[in-house]
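Let's take a walk through this structure together, going from single residues to the way helices pack. Keep the viewer open as you read.

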Amino acid sequence: MVQIERLADLKPVHQRQAAGLALWRWRAPVLAFELDAEWGIDQAVLESLFQLAASPAGEQSDRAFRRAIAELCTAPLFTSEVDPDTVQLFQLESISSLLTFSELLDKPGVDIAERVVEGSARLADYLDDLVEGSFYSHPSEEAHREYLANLADRAGEGYFASRNFAVESACHGALRSLSDCAGLLDSSTGRELLALCKDFGEELVTTMRWLRATGR
């Protein structure tokens with residue numbers, strides 16, 4: 001896969017940042033919807049994990065991330081069975097990616113970073129499947145069709161998969177210019193990349209709200 005080869009060419013610190021950006025694309029969908037109360041998850045803990053994933057790698061931030069993960073894993077969610085609706089499934093998959101990201105703290109490497117990055121692509125594909133399988137026309141269907149018509153090299157992909165790939169490619173290309181010791185929040189380039197991921201995340205939220213409103 002093209003995006004995996006591009007990720008493998010990055011330094012380990014930038015691979016970690018790429019994983020952090022992949023998480024950031026799903027931050028809005030996780031936080032925009034109320035979490036199931038029975039899961040027992042503190043939303044503030046999730047917010048802190050996203051923030052820490054965008055922080056510089058180092059003993060202090062890694063320790064804080066581990067503490068937040070440990071707190072997260074005490075939630076009843078991790079000892080009970082759940083039957084998620086569509087929105088909740090996206091939340092659960094994103095929480096799983098946060099857990100995967102925590103593995104990078106102890107074992108930096110492209111394999112784990114790939115799992116996080118691929119997780120974002122997989123969710124985007126799934127969202128396309130839900131939109132295409134809906135009995136209702138998406139409110140932005142024409143705009144999405146026009147966007148895809150201009151992507152000759154991404155023929156056959158859905159809108160959100162193509163958008164995710166475009167954002168991912170922009171992020172990976174820009175990461176090479178970031179300092180090895182800087183976090184994504186510490187430079188104008190890093191903040192621009194986070195904003196790019198946030199904008200995509202807001203698109204995801206809009207469509208997920210539409211899916212919930214139409215009964216998916």
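A good place to start is Ser97, which sits in helix 6, the stretch covering residues 86-106. Please keep in mind throughout that the model is predicted. Is Ser97 buried or exposed? With a relative accessible area of 12%, Ser97 is buried, because the cut-off for that class is under 20%. Once neighbours within four places in sequence are set aside, Ser97 is in contact with Leu23 and Val116.

Stay on helix 6 for a moment, since Leu92 is found there too. Leaving out neighbours within four places in sequence, the contacts of Leu92 are Trp39, Leu77, Val82 and Pro84. For one of these, Leu77, there is a backbone distance to go with the contact: the C-alpha atoms of Leu92 and Leu77 are separated by 9.6 Å, with the two residues 15 apart along the chain.

Now for helix packing. Two packed helices are described by the angle between their axes and the distance between the axes. Helix 6 gives us a case to try: its axis and that of helix 5 (residues 59-72) come within 10 Å and cross at roughly 140°. That angle makes helix 5 oblique to helix 6, and the crossing is left-handed. On the helix 5 side, the contact is made by Asp62, Phe65, Arg66, Ile69 and Leu72, while helix 6 brings Ile95, Leu98, Leu99, Phe101, Ser102, Leu105 and Asp106. Sorted by class, the residues of this contact divide into eight nonpolar, one polar and three charged.

Further along the chain, helix 8 (residues 141-149) and helix 9 (residues 159-175) have axes that come within 10 Å and cross at roughly 55°. Helix 8 is therefore oblique to helix 9, and their crossing is left-handed. Helix 8 takes part through His144, Tyr147 and Leu148, and helix 9 through Tyr159, Phe160, Ser162, Arg163 and Ala166. By class, the contact of helix 8 with helix 9 has five nonpolar, two polar and one charged residues.

The loop between these two helices holds Glu157, which is partly exposed at a relative accessible area of 29%. Not counting residues up to four places away in sequence, Glu157 touches Leu148 and Ser162. Glu157 and Asp128 are 29 residues apart in sequence, and their C-alpha atoms are 8.7 Å apart in space.

Helix 9 also packs against helix 10 (residues 188-213), with axes that come within 10 Å and cross at roughly 170°. How are helix 9 and helix 10 oriented, roughly parallel or roughly antiparallel? At that angle, helix 9 is roughly antiparallel to helix 10. From helix 9, the residues involved include Tyr159, Phe160, Arg163, Val167 and Cys171, and they meet a set in helix 10 that includes Leu193, Cys197, Phe200 and Glu203. The residues of the contact of helix 9 with helix 10 divide into 12 nonpolar, three polar and two charged.

Cys197 leads to a last topic, the cysteines. Why does Cys197 form no disulfide? The closest cysteine sulfur, in Cys171, is 3.8 Å from the sulfur of Cys197, which is too far for a bond, because a disulfide needs the two sulfur atoms within 2.5 Å. Cys197 is buried, at a relative accessible area of 0%, whereas Cys73 counts as partly exposed at 36% relative accessibility. A search of the whole structure finds zero disulfides.

Note on methods
Residues are numbered from 1 along each chain as its sequence is written. This is a predicted model: local features need pLDDT of at least 70, side-chain atom pairs count only at pLDDT 80 or more; totals for chains, interfaces and linings use all residues. Side-chain values use heavy atoms; hydrogens and water are left out. Buried means under 20% relative accessible area, exposed over 50%, partly exposed in between (1.4 Å probe, protein chains only). Helices (H or I, at least four residues) and strands (E, at least two) are DSSP runs, numbered from the N terminus. Contact means heavy atoms within 4.5 Å. Axes are lines fitted to C-alpha atoms, for helices over the stretch in contact, and angles run from 0 to 180 degrees between N-to-C directions. Angles under 35 degrees count as roughly parallel, over 145 as roughly antiparallel, 65 to 115 as roughly perpendicular and the rest as oblique. A crossing is left-handed if the near helix is turned anticlockwise from the far one by less than a right angle, and right-handed if clockwise. Ala, Val, Leu, Ile, Met, Phe, Trp, Tyr, Cys and Pro count as nonpolar, Asp, Glu, Lys and Arg as charged, and the others, Gly among them, as polar.
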